[in-house]
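Open the model in your viewer and keep the selection panel at hand. Each stop below says what to select and what is there.

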Amino acid sequence: MSMQDRTEAAPPGAGTPPGSAAPAPSGDKLGLALAVIAAAQLMLVLDNTIVAVALPSMQSALGLSDANLGWVITAYALAFGGLLLAGGRAGDLFGRRRVFRTGLVVFTLASLLGGLAGSGEVLLIARVLQGVGAAIAAPTALSLLASTFPAGPARNKALGVYGAMGGLGSVVGLLLGGALTEFLSWRWVMYINIPIAVAVLIGTSVLKEGERDRGKVDVPGALTATFGFGSLVYGINRAGEKGLGDSTTLIALAVAIVLIVAFIAIQRSSRAPMVPGAVVADKSRAGANAVMFLVGAGMFATFYFLTLYMQIVKGYEPMITGLAYLPFAIGIGIAAGGVGPQLLAKVPERSVIAVGLVIGIAGMVWLSLLEPGQNAFAVLLPAQLVCGFGLGLVFVTVTIISVRGVSPEDTGIAAGLINTSQQIGGAVGLAILAATASVITEGRLPGDRSEALTTGYSYGLLIGGGIYLLALIVTLGTIKATAPQSQPQSH
């Protein structure tokens, strides 16, 4: 039974307390609802990368050591990736709009604390709290979109815009971080979240609450998922810094394996599991999450390599580095916001993802042609436009598949899964590809350092293209070739 069918079959107010669900918005209010959800997703995703360009300024101002500097990014990723499933389930149980607002408030207060930080310790605490707020708000944003927009073209278009924010936010973060750091202060990479979050909070009144699940909180499942994925992200990030032979790395990864296995066992035996079996049983939905994991792995590493190439090898200023990602953002926007939804009305979803991945692979091969002495923009700008366009097609389609056919009361956890896939995939890909590039670079030394670094980055980008190729294989093997004419009903 589709989400639309379930909603229509349920009696008014089913699954929710009387008066808790707002009527579905229409006309101009749908546009405002989309703007609210898209702005929230953009803000939460860009916070992954907005601090990257500001790290040297933060280190100078707060006296952060080299070891602690990396935690400015890792602390956010740990809290965000570890708590996403719990955040999605909380929305299903306690009301998505209420939980969404709670997440935004936590994120806003944490951003204020980070901007006011007078020490590295306070900044790290603020980053953890930002990750907590993001993990609560991100999955509920997607489930609110599914409950607010009627099934069919309206929801497909909204999901296209939402999907674009997943990749666009990372690029905008790099661009905005460079501009704010160069012209104002590193503190503004924190402060910029406050007016956006306040505006989103004001606009949440147009969002439809949707149905709730009357089940109980799966406390063991929430704890094992949170600490299991948190340990995994920590272990992967530490492996990238210290290597797989590091004892702390090995302990973290072992703990992650034990807890994730325990989480799976709990889900199979629990009467009220955090992740209902119906959410993960669909082959296409599982494939969409796997594809998002792999795309996240390649994309996050791409930003890492290109940022280092532009700042270390080419010596570009933060503002120029940020602007260089603009073609990527444009490509994603065109594909996910316009071309993607139009293609989905004419060709099967699997074909749209496949075409997007083939284009993405071509873009990665093009990006790998970097050389120390060349005009970098001659390669970077057109290649990023191509790569962004391809990934935009992927984002919009896998986002649609991830929540299609899920019962209304389970959309929060389905949204949490697709967000978790991207976050964990990004951490895994960055750690593996960064370590690989480092080994290749060291093999070229002693010698010309710029050439050695560029060689490492180029091979890292090529391997990233290989990850997209693996995503293409997963797509063809798991995602059904749904007929275009049947999509409006099933969405």
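Select Val36 first, then show its contacts, meaning heavy atoms within 4.5 Å. Outside its neighbours within four places in sequence, Val36 is in contact with Val200, Gly203, Thr204 and Leu207. Measure from Val36 to Gly203: 167 residues apart along the chain, their C-alpha atoms are separated by 6.0 Å. Val36 sits in helix α2 (residues 28-46). Helices here are DSSP runs of H or I with at least four residues, strands are E runs of at least two, and both are numbered from the N terminus. Val36 is buried, at a relative accessible area of 5%. Buried means under 20% relative accessible area, exposed over 50%, and partly exposed in between, with a 1.4 Å probe and protein chains only.

A note on the source: this is a predicted model, in which local features need pLDDT of at least 70 and side-chain atom pairs count only at pLDDT 80 or more, while totals for chains, interfaces and linings use all residues. Residues are numbered from 1 along each chain as its sequence is written, and side-chain values use heavy atoms, with hydrogens and water left out.

**Whole chain**

Zoom out. The chain has 21 helices and 0 strands. Of its 491 residues, 57% count as buried. Among contacts with a separation of 6 or more, 85% join residues 24 or more positions apart.

**Phe100 and the cores**

Now select Phe100. Leaving aside neighbours within four places in sequence, Phe100 is in contact with Ala40, Ala137, Thr140, Ala141, Leu144, Val200, Thr204 and Leu207. Add Tyr468: of the 105 residues in the largest nonpolar core, Phe100 and Tyr468 touch the most other members. Helix α14 (residues 283-313) gives the largest share of this core, 15 residues. A second, separate core has 16 residues, including Leu55, Ala117, Leu123 and Trp186. A nonpolar core is a set of buried Ala, Val, Leu, Ile, Met, Phe, Trp, Tyr and Cys residues joined through side-chain atoms within 4.5 Å.

**Helices α6 and α7**

Go to Thr108 in helix α6 (residues 96-116). Thr108 is buried, with a relative accessible area of 11%. Beyond four places in sequence, Thr108 is in contact with Ile194 and Ala197.

Next, Gln130 in helix α7 (residues 120-148). Is Gln130 buried or exposed? Gln130 is buried, with a relative accessible area of 0%. Beyond four places in sequence, Gln130 is in contact with Asp47, Tyr76, Phe107, Ala110, Ser111, Met190 and Asn193.

Val122 also lies in helix α7. At 28% relative accessibility, Val122 counts as partly exposed. Outside four places in sequence, Val122 is in contact with Leu113 and Ala117.

**The second largest pocket**

Select Phe229, Phe263, Val275, Val280 and Leu417. Of the 20 residues lining the second largest pocket, these lie nearest its centre. A pocket is an open set of points on a 1 Å grid over the protein atoms alone, where a 1.4 Å probe fits, with protein on both sides within 12 Å along at least five of seven lines; lining residues have an atom within 4 Å of a point. The volume is about 560 Å³, taken as the space filled by probe spheres set on the points, which are joined across faces, edges and corners.

Color the lining by type: 13 nonpolar, 5 polar and 2 charged. Ala, Val, Leu, Ile, Met, Phe, Trp, Tyr, Cys and Pro count as nonpolar, Asp, Glu, Lys and Arg as charged, and the others, Gly among them, as polar. Helix α12 supplies the largest share of the lining, 5 residues.

Finish with the domains, whose bounds come from an automatic or database domain assignment. Domain 2 (219-271) and domain 3 (275-484) both give residues to the lining of the second largest pocket, so the pocket lies between them.
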